[in-house]
Amino acid sequence: MVNALVGQKVAIVSPKAQTTRVRLMGVALEGASQVLLVDTPGIFEPRRRLDRAMVAAAWGGAQDADVIAFVIDAKTGLTKRLEPLVQSLAERREPKLVVLNKVDITPKEKLLELAMRLQEMLNPEEIFMIAASTGDGVAGLKAALAKRVPAGPWHFPEDQVSDATDRMMAAEVTREQLYLQLHAELPYASAIETEKYEERKDGSVVIHQQIHVGRDTQKAIVLGAKGVRLKEIGSRARAELEHLLDRKVHLFLHVKVNPKWEDDRGLYKEIGLDWVE
């Protein structure tokens, strides 16, 4: 949805839940308005340190927001796990919008029932029905957000679409390929660390990344037979980065077994998460 509002890719996408790990800001332009979209991790019941850090980033990203847009998968609906979140949002003072996504694959009866229930629970200013993958309804949502931004100078140059550094984006693109290519085999407890990001005089960039996994069996999955899977991950990530950065990219990937990577404070800082106890 953030990508659709911005008009180009600023956030990675995969079918897997909790794909977003860090708070990411997308910058969308609508007329004279500059809308800063704070894309946060999903809020769910945390079971480990990484989960707690992600949920903390999500709530932290909502601080000082002018408007909160509660995005829900319309096809999945309002599950019992989401009800405590809705109750917490109902208590917040910020203006709230409800955004029902994936309406193109959701029965109309279910959409109407879901909208009525959320209207009752959250009392939002507006409810939007969109399909981010096709762009349906996105223009209306963007216009509504633009109307609600406070008057003031723009915070970013007109050609800047995100606050993410190229270094951070490089790690996210590689993580996206892990998710897309490994599917159910994915070692979910994995992290990408960019160890080296060096710009060459010829305009190209050299990137060395470490893929942290917890067990030898997970390393074998990422590598694939004779390293074929890792090579394909690197090839697709490199192509994506060259498109995003508009320059030649030399990408080198290494897989490291690190059973305690979730307890590495430095790694949390590298991937953009605050340390939580």
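# A tour from strand S4 to the core around helix H6

Start by selecting strands S4 and S5 (residues 126-129): the two run parallel and are joined by four bridges. One bridge to pick out links Val98 with its partner Ile127 in S5. The model on screen is a predicted one.

Add helix H4 (residues 108-122) to the selection. Together, S4, H4 and S5 form a right-handed β-α-β unit.

**The other side of S4**

Next select strand S3 (residues 68-73). S3 pairs with S4 over six bridges, again in the parallel sense. Look for Asp73, which stands opposite Asn101 of S4. Now show helix H3 (residues 83-90), which makes a right-handed β-α-β unit with S3 and S4.

**The sheet as a whole**

With S3, S4 and S5 displayed, an open sheet of three strands is in view, ordered S3-S4-S5 and paired in parallel. S3 and S5 are its edge strands, each pairing on one side only. On average, neighbouring strands of the sheet are turned by 20° against each other, direction ignored. H3 packs on this sheet and touches S3 and S4, with its direction at about 165° to that of S3. Then select helix H5 (residues 138-148), which also packs on the sheet. H5 touches S4 and S5, and its direction makes about 150° with that of S5.

**Inside S4**

Return to S4 and show its side chains. How many of the six residues of strand S4 (residues 96-101) are buried? Six of the six are, so the strand is largely enclosed by the rest of the structure. Lys96, Val98 and Leu100 point one way, while Leu97, Val99 and Asn101 point the other way. In a regular strand, side chains alternate between the two faces of the sheet.

**Helix H6 and Thr174**

Move along the chain to helix H6 (residues 166-182) and select Thr174, which lies in it. Is Thr174 buried or exposed? Its relative accessibility is 0%, so Thr174 counts as buried. Beyond its neighbours within four places in sequence, Thr174 is in contact with Ile192, Gln209, Ile233, Ala237, Leu251 and Leu253.

Click on Leu251 from that list. Not counting residues up to four places away in sequence, Leu251 touches Thr174, Ile207, Gln209, Gly234, Ala237, Arg238 and Leu241.

**Two nonpolar cores**

Leu251 leads to the largest nonpolar core, a set of 23 residues. Leu251 is among the residues with the most contacts inside this core, along with Leu178, Ile207, Ile211, Val222, Leu241 and Val249. To see where the core comes from, colour H6, strand S6 (191-199), strand S7 (205-213), helix H8 (228-245) and strand S8 (249-257), the elements that give two or more residues to it. Which element gives the most to this core? H6 does, with seven residues.

A second, separate core has 18 residues, including Ile68, Leu82, Leu100 and Leu111. Select these four to find it. Leu100 was met earlier, among the buried residues of S4.

**Zooming out**

Finally, show the entire protein. Its nine helices and eight strands are now in view. Of its 277 residues, 44% count as buried. Among contacts between residues at least 6 apart in sequence, 67% join residues at least 24 apart. Switch on the surface to end the tour: the protein exposes about 15000 Å², and carbon and sulfur atoms supply 50% of it.

Conventions: Residues numbered from 1 in each chain as written. Predicted model: local features only at pLDDT ≥ 70, side-chain atom pairs only at ≥ 80, totals over all residues. Heavy atoms only, no water. Buried < 20%, exposed > 50% of the residue type's maximum accessible area, 1.4 Å probe, protein only. Contact = heavy atoms within 4.5 Å. Core = buried A, V, L, I, M, F, W, Y, C linked by side-chain atoms within 4.5 Å. Areas by Shrake-Rupley, 256 points an atom, 1.4 Å probe, with all protein chains shown as cover. Pairing = 2+ DSSP bridges. Right-handed = clockwise from strand over helix to strand, strands pointing away. Axes fitted to C-alpha atoms, helices over the stretch in contact; angles between N-to-C directions.
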